[in-house]
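Visitor: I should like to go through this protein step by step, from its overall make-up to single residues. Please give the reasoning for each reply.

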Amino acid sequence: MARSGTWAGIALAGVLCLSLAGCSGTGGKRAEDAREAAAQGRAAVNTPRWTFAMITHSGDGDTFWDIVQSGAKQAAVKDNINFLYSHDDEAQQQAQLVDAAIDKRVDGIIVTLAKPDAMKAALARARKAGIPVITVNSGSAESKAFGALTHIGQDETIAGEAVGEELNRRGKKKAVCVLHEQGNVGHEQRCDGVAKTFTGTVSDLYVTGTSMPDVQSAIEAKLQADPSIDAVVTLGAPYADTAVKARQGAGSKAEIDTFDLNAKVAAGLADDSLGFAVDQQPYLQGYQAVDLLWLYKYNGDVLGGGRPVLTGPQIITEDQADELAEYTERGTR
């Protein structure tokens, strides 16, 4: 095998060393050099400096997407990628950002499909321009039909079903699923999944996610109106802390559970103010999206075989809280 400075060459050398007796330490040295280069902010490959754009449906100040970006940026450093990030929680504006990336003739696009109908035409234009696309986080059902190479994220219905099963295990009887972004198909799928497996009763509560005071007031009012509610499920980490405050204001004993992690959620699990969290590993979504686009550009590789590459769900409880605290503090979980 010819000596290669690429990440793919490093990985292949490592595999061969495991399978051949008497292999020298060269492969291990290359892998170590690559890790050191990434840690020091240097590229571990000598491929062209391609430009990849990530466009998400995030609103301002959403810590979840900070974690996604953290993973994407780390992979971009390793892969010698010029990484561009933009976002808008309005679907039409998000589609326009995709168009802007196409006009810049980027080499790859990473995009979320929270509101897929509004994004279909933009992805068709990317495909016509010959720009490879990977979808992340939301839109797994539409990804293949829209021409994406693959989808990276969790299946939202499966994640919701896991929550329903965990609520059953905890003996809960009446739950509220708090939707903070109307029209987001992933959020609807999560709550539908909860209802599918939860043997108790579950109702949806739509709130204005851009205003935490409104979110708190809506949850508090719901808990005051129905003291029999024993579980509140929020669909994003920033809303879990607000739900805890709403529970206190209502004088309720309902357990607060949430999708996604951040430092506050890890702390809440540790001090028992939260019951459990559902982790979909956003750092991995960003990292893998960039890395897989690089692999496609470099080597024509595609993962998933036409199916989503799943990064979750994983149920996290207080037992894992201490271990996760370090990761959440550094912004990778």
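Visitor: Among contacts in the protein between residues at least 6 apart in sequence, what percentage join residues at least 24 apart?

Guide: The model is a predicted one. Its elements are 13 helices and twelve strands. When contacts between residues at least 6 apart in sequence are taken, the share joining residues at least 24 apart is 72%.

Visitor: How much of the accessible surface belongs to carbon and sulfur atoms?

Guide: Of the 333 residues in the protein, 49% are buried. The accessible surface amounts to about 15,000 Å². The part of that surface belonging to carbon and sulfur atoms is 48%.

Visitor: Which strands are the edge strands of the open sheet with parallel pairing?

Guide: This sheet has six strands, in the order β2-β1-β3-β4-β5-β11. An edge strand pairs on one side only. That description applies to β2 (82-87) and β11 (309-310).

Visitor: What angle does the direction of helix α4 make with that of β1?

Guide: Two helices that pack on this sheet may be taken in turn. Helix α3 touches β1 (51-56) and β2, and its direction makes about 165° with that of β2. Helix α4 (residues 91-103) touches β1, β2 and β3, and its angle with the direction of β1 is about 175°.

Visitor: Within the same sheet, which residue of β4 stands opposite V111?

Guide: Strand β3 (residues 108-111) pairs with strand β4 (residues 133-136) in the parallel sense, over three bridges. I109 has V133 as its bridge partner in β4. V133 and T135 point one way from β4, I134 and V136 point the other way, and all are buried. The residue opposite V111 is T135.

Visitor: Is G130 buried or exposed?

Guide: G130 lies in the loop between α5 (116-128) and β4. Its C-alpha atom is 9.6 Å from that of I102, a residue 28 places away in sequence. The relative accessibility of G130 is 61%, and the cut-off for the upper class is over 50%. G130 therefore counts as exposed.

Visitor: How far apart are the axes of helix α3 and helix α12?

Guide: Two packed helices are described by the angle between their axes and the distance between the axes. For α3 (residues 63-78) and α12 (residues 282-299), the angle is about 35°. The crossing of α3 past α12 is right-handed. The distance between the axes is 7 Å.

Visitor: How many residues of the contact of α3 with α12 are nonpolar?

Guide: On the side of α3, the contact includes F64, I67, V68 and A75. On the side of α12, P282, Y283, Y287 and V290 are among the residues involved. The residues of this contact comprise two charged, five polar and, as the nonpolar group, ten.

Visitor: What is the relative accessible area of A75?

Guide: A75 belongs to helix α3. Leaving out residues up to four places away in sequence, A75 touches Y287, V290 and D291. The C-alpha atoms of A75 and Y287 are separated by 5.2 Å, although these residues are 212 apart along the chain. A75 is buried, and its relative accessible area is 0%.

Visitor: What is the average angle by which neighbouring strands are turned in the open sheet with mixed pairing?

Guide: The order of the six strands in this sheet is β7-β6-β8-β9-β10-β12. Its edge strands are β7 (201-206) and β12 (314-316). With direction ignored, neighbouring strands are turned against each other by an average of 25°.

Visitor: Which residue in β7 stands opposite V178?

Guide: β6 and β7 run parallel and are joined by six bridges. Five of the six residues of β6 are buried, so β6 is largely enclosed by the rest of the structure. Opposite V178, in β7, stands L205.

Visitor: Which residue in β10 stands opposite F259?

Guide: Strand β9 (residues 255-259) runs parallel to strand β10 (residues 277-279). Two bridges join these strands. The residue of β10 that stands opposite F259 is V278.

Visitor: Is K172 buried or exposed?

Guide: K172 is in the loop between α7 (156-169) and β6 (174-179). Neighbours within four places in sequence aside, K172 is in contact with L167, F198, D230, A231 and E255. The relative accessibility of K172 is 17%, and the cut-off for the lower class is under 20%. K172 therefore counts as buried.

Notes: Residues are numbered from 1 along each chain as its sequence is written. This is a predicted model: local features need pLDDT of at least 70, side-chain atom pairs count only at pLDDT 80 or more; totals for chains, interfaces and linings use all residues. Side-chain values use heavy atoms; hydrogens and water are left out. Helices (H or I, at least four residues) and strands (E, at least two) are DSSP runs, numbered from the N terminus. Buried means under 20% relative accessible area, exposed over 50%, partly exposed in between (1.4 Å probe, protein chains only). Contact means heavy atoms within 4.5 Å. Accessible areas come from the Shrake-Rupley method with a 1.4 Å probe; for residues, only the protein chains shown count as cover. Axes are lines fitted to C-alpha atoms, for helices over the stretch in contact, and angles run from 0 to 180 degrees between N-to-C directions. A crossing is left-handed if the near helix is turned anticlockwise from the far one by less than a right angle, and right-handed if clockwise. Ala, Val, Leu, Ile, Met, Phe, Trp, Tyr, Cys and Pro count as nonpolar, Asp, Glu, Lys and Arg as charged, and the others, Gly among them, as polar. Two strands pair if DSSP finds at least two bridges between them.
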